[in-house]
Amino acid sequence: MMNRSRWYMAGEERGAEKDESECVQSVPEVPLDSAPDHEDGDGGQALRTLGSRIRELQHEVERLNSAVHEEQMLRIREQATLQRDKSSFEARTKLALFLDLLAIVDSFDHLVKHGEGTQDDSSLLVGSQAVLGQLNQFLARNGVHKLEGLEGGVYDSATCEIARVVTDSGAPANTVVRVLRDGYKLGEMLLRPAMVDVASEPQVTVVSNDAGDD
């Protein structure tokens, strides 16, 4: 009796295991390929959006770099303009100073020549000569030099201005007869032209014979 019970129980256990295996096998398997691709679609759209945003940022960076470069070039041009204006202003100021100083030199030069012409040995002449010498030394140290050798030479419009035309000097035409005001150069640049008298062609007198014919 007990053996039969054990056999019966073992039979029931085998039947239960069989039923359980049949139940497991009856569950249909879903293939992975048939799974919805919502996540894959969303990921692709996100990548496309990210790529588009990266391209926009790259364009923005290029635009900013171009703007920075233009700003730098503008500042360089402004600095160059300021430096050029500063140099031009300094040059104009220097030229104006030298021209004013030359006017003072002219005054002392006339005073010295007058005193030497009258053979005046006064202290005024001696003092004027001393001041004139100091002024000429100052000009020479700064590259300002007098134009030499003009009198008796051919008139040159690049360095001289005609004050008068002399007809009875006996000199060849277009010859500098006298220097009325000295000219100066600053280095190789003409600072002030000389004022000169220039000889002209001698006038030819035409004698009329109308009275003799009558």
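**Figure 1. The whole protein, seen from its surface inward.** About 17,000 Å² of the protein is exposed, and 55% of that comes from carbon and sulfur atoms. Keep in mind that this is a predicted model. Of the 214 residues in the protein, buried ones make up just 17%. If you count the contacts with a separation of 6 or more, 63% of them join residues 24 or more positions apart.

**Figure 2. The run of helices and strands.** Here you can pick out 4 helices and 6 strands. Starting at the N terminus, the order reads α-α-α-β-β-β-β-β-β-α.

**Figure 3. How confident is the predictor, and where?** The average pLDDT of the protein is 78, with 74% of the residues scoring at least 70. Among the elements, strand β6 has the highest mean, 95, while helix α1 (residues 2-25) has the lowest, 48. Residues 1-5 stay under 50, and the model gives them 0 contacts beyond four places in sequence. A second stretch, residues 18-39, is also below 50 and has 0 contacts in the model beyond near neighbours in sequence.

**Figure 4. A stretch with a label from UniProt.** An unreviewed UniProt entry lists residues 47-74 as a "coiled-coil region". In the model, that span is 100% helix and 0% strand. Go from one end of residues 47-74 to the other and the C-alpha atoms there are 40 Å apart.

**Figure 5. A three-stranded sheet.** Look for an open sheet of 3 strands in the order β1-β4-β5, with antiparallel pairing. Strands β1 (144-146) and β5 (189-192) each have a single partner strand, so one side of each has no neighbour in the sheet. That puts both of these strands at the edges. From one strand to the next, the twist averages 35 degrees.

**Figure 6. Zooming in on one pair of strands.** As a reminder, strands of a sheet pair through backbone hydrogen bonds, either parallel or antiparallel. Strand β1 and strand β4 (residues 184-186) go for the antiparallel option, over 3 bridges. Want one bridge to look for? Find Lys146, then its partner in β4, Tyr184.

**Figure 7. Ser200, just past a strand.** Ser200 sits in the loop that links β6 (194-199) to α4 (210-213). Is Ser200 buried or exposed? Its relative accessibility is 19%, and the cut-off for buried is under 20%, so Ser200 counts as buried. Which residues does Ser200 contact, leaving aside neighbours within four places in sequence? They are Val165, Val166, Thr167 and Ala173.

Methods: Residues are numbered from 1 along each chain as its sequence is written. This is a predicted model: local features need pLDDT of at least 70, side-chain atom pairs count only at pLDDT 80 or more; totals for chains, interfaces and linings use all residues. Side-chain values use heavy atoms; hydrogens and water are left out. Helices (H or I, at least four residues) and strands (E, at least two) are DSSP runs, numbered from the N terminus. Buried means under 20% relative accessible area, exposed over 50%, partly exposed in between (1.4 Å probe, protein chains only). Contact means heavy atoms within 4.5 Å. Accessible areas come from the Shrake-Rupley method with a 1.4 Å probe; for residues, only the protein chains shown count as cover. UniProt positions are given in the numbering used here, feature names are shortened, and annotations may be inferred rather than shown by experiment. Two strands pair if DSSP finds at least two bridges between them. Axes are lines fitted to C-alpha atoms, for helices over the stretch in contact, and angles run from 0 to 180 degrees between N-to-C directions. pLDDT is the predictor's confidence in each residue, from 0 to 100.
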